[in-house]
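User: I'm new to reading helix packing and buried residues. Can you walk me through how the labels get picked?

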Amino acid sequence: MKRYIGLMLVLVGFASCRISKPYQQPEFDTSKLYRDAEGTDTSSMASVHWKKLFADTILTGLIAEGLNQNIDMKIALQRINAAGANFRQSKAAFLPDLNGTASVTQSKLSFPQGFGIISSSTQYDMGLRATWEADIWGKLKSAKRGALATLLQSEAARRAVQTQLIADIAGRYFTLLALDQQLQVLEQTVNNRKTDVRTMKALKAANVVTGAAEVQSEASQYAAEVAIPRLQKQIRETENSLNVLLARPSSAVRRSSLNEQRLLTDLKTGIPVQLLQNRPDVKQAEYAFMAAFEATNVARKLFYPSITLTANGGFTSFSLKDWLTPDGLFGNIAAGIAQPIFNKGANKARLATAQAAQQEAALNFQQSLLKAGEEVSNALFAYQTAGRQQEIRVKQLAALEKSVDFTKKLLRYSSATNYTDVLTSEQNLLAAQMEDIDDKLQQWQAVIALYRSLGGGSEK
């Protein structure tokens with residue numbers, strides 16, 4: 001008999017191995033995820049801690065505050081707690097269920113009307129009931145692995161929130177610095193236009209220009225002034241938006257200047273396959289696939305019989321004085337096997353649903369990789385193009401500054417030009433100055449986007 005039982009256990013173990021499919025990461029070609037990138041250098045700026053990415057200590061202080069106080073981060077932590085509780089419950093599923101019972105039952109036995117009550121009794125019961133399911137086919141193990149994948153998925157989601165939060169705080173901070181610098185340019189322009197108005201009044205008095213030039217100079221001054229409130233509104237709204245990320249009421253945000261900023265690391269992208277480890281949203285998608293994979297394993301194993309052991313023990317008696325005595329003690333052990341035969345197609349539907357969910361998760365995993373590669377490629381090219389724009393912009397600014405100076409001198413000392421030429425050159429210079437600041441902002445935004453898209457910002 002022992003030999004037969006041992007052989008049966010071996011066969012059951014072998015069958016369970018055939019039923020369970022070991023997890024394998026889906027295979028995707030990652031070699032071409034970065035457009036026009038053929039390097040093999042594995043050094044990546046994603047490995048740089050966010051505190052070492054930026055030289056501005058005010059910015060790093062704001063990021064630290066956001067990581068501690070941000071509402072989305074706190075929500076992500078609560079989701080981890082919920083997933084952790086679910087994982088602990090999956091481990092407890094290997095233990096038997098134990099329930100205690102206590103009851104008093106009173107019953108009467110009587111004949112039809114006219115014969116009276118024959119007898120009555122009171123039964124006192126107290127006991128324990130334990131039930132344990134043998135995990136022969138590995139169903140509980142698959143459920144446990146699935147719960148672990150869900151826990152890891154929630155942790156990856158938290159890190160994805162963190163990397164995005166760092167990028168959002170830094171992005172809004174640099175936007176504020178750019179708006180500040182544009183406001184300074186506008187205020188300086190207004191001062192210059194006021195000087196132009198005084199000059200035009202003097203030239204008109206000397207009959208060098210007409211009254212039209214004087215009026216045009218005043219209109220030019222007002223055109224610069226009217227842009228200031230609009231810019232101040234943008235600054236206020238950006239400050240308020242940043243405060244929301246920091247989970248604090250709207251208030252002024254202390255900051256440095258755009259010209260003080262410098263990058264502390266080289267923009268190295270590494271190789272695309274590193275996205276599988278560095279990008280938290282990619283890891284999140286993989287863990288979602290892993291959970292779906294194990295859910296399919298569980299659904300497949302529901303077709304096989306389950307073996308349950310049940311044990312009952314306690315005291316029962318029809319007399320209260322004999323209740324908790326050896327005479328009232330009882331106990332029994334039972335084993336049962338349940339094999340699904342006809343359940344209205346529930347198991348087949350459950351398996352088909354799980355397999356479809358697994359395929360969907362695999363496609364989401366692939367989509368997350370493609371999206372990550374797109375973001376890296378876009379951010380890297382944006383940084384490169386912003387740099388080229390700045391090189392050209394420097395030459396444009398130099399030419400426009402000369403143009404303004406030349407037209408003003410021509411207007412003052414000769415009749416070879418008029419104020420319309422001066423106004424046109426000044427407007428072109430102001431537009432170029434504002435765009436130059438925007439070029440610098442775009443370059444910093446590209447740095448931030450590249451850092452985030454490579455998976456930087458999580459704990460290293």
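Analyst: Sure, let's start with the angle cut-offs: under 35 degrees counts as roughly parallel, over 145 as roughly antiparallel, 65 to 115 as roughly perpendicular, and the rest as oblique. Keep in mind that this is a predicted model.

User: Okay, why are H2 and H4 called oblique to each other?

Analyst: The axes of H2 (residues 57-69) and H4 (residues 139-205) cross at roughly 140 degrees. Antiparallel needs an angle over 145, and perpendicular stops at 115. The pair fits neither, so H2 and H4 are oblique. Their axes come within 10 Å, and the crossing is right-handed.

User: Which residues of H2 and H4 meet there?

Analyst: On the H2 side you'll find Ile 58, Leu 59, Leu 62, Ile 63, Gly 66 and Leu 67. Facing them from H4 are Gln 162, Leu 165, Ile 166, Ile 169, Ala 170, Tyr 173 and Phe 174. By class, that contact splits into 11 nonpolar and 2 polar residues, with no charged ones.

User: And what makes H8 and H9 roughly antiparallel?

Analyst: Same recipe! The axes of H8 and H9 cross at roughly 160 degrees, and anything over 145 counts as roughly antiparallel. That's why H8 and H9 get the label. Their axes come within 7 Å, and this crossing is left-handed. The contact of H8 with H9 has 18 nonpolar, 12 polar and 11 charged residues.

User: How do you know that Leu 397 is buried?

Analyst: Buried means under 20% relative accessible area. Leu 397 has 13% relative accessibility, so it counts as buried. Leu 397 sits in H8 (residues 346-413). Leaving aside neighbours within four places in sequence, Leu 397 is in contact with Leu 429, Ala 432, Gln 433 and Asp 436. The C-alpha atoms of Leu 397 and Leu 430 are separated by 9.3 Å, though these residues are 33 apart along the chain.

User: Why does Arg 452 count as buried?

Analyst: Its relative accessibility is 18%, so under the 20% cut-off Arg 452 counts as buried. Arg 452 is in H9 (residues 419-453). Not counting residues up to four places away in sequence, Arg 452 touches Thr 163, Gln 164, Ala 167, Arg 279 and Glu 375.

User: What makes the reach of H9 close to the one expected?

Analyst: H9 has 35 residues, and 1.5 Å a residue gives an expected 51 Å. From first C-alpha to last, H9 reaches 50 Å, which is close to that. Just after H9, Gly 455 takes a positive phi of about 100 degrees.

Note on methods: Residues numbered from 1 in each chain as written. Predicted model: local features only at pLDDT ≥ 70, side-chain atom pairs only at ≥ 80, totals over all residues. Heavy atoms only, no water. Helix = DSSP H or I, 4+ residues; strand = E, 2+ residues; numbered from the N terminus. Buried < 20%, exposed > 50% of the residue type's maximum accessible area, 1.4 Å probe, protein only. Contact = heavy atoms within 4.5 Å. Expected span 1.5 Å × (residues − 1). Axes fitted to C-alpha atoms, helices over the stretch in contact; angles between N-to-C directions. Left-handed = near helix turned anticlockwise from the far one by under 90°. Nonpolar A, V, L, I, M, F, W, Y, C, P; charged D, E, K, R; others polar.
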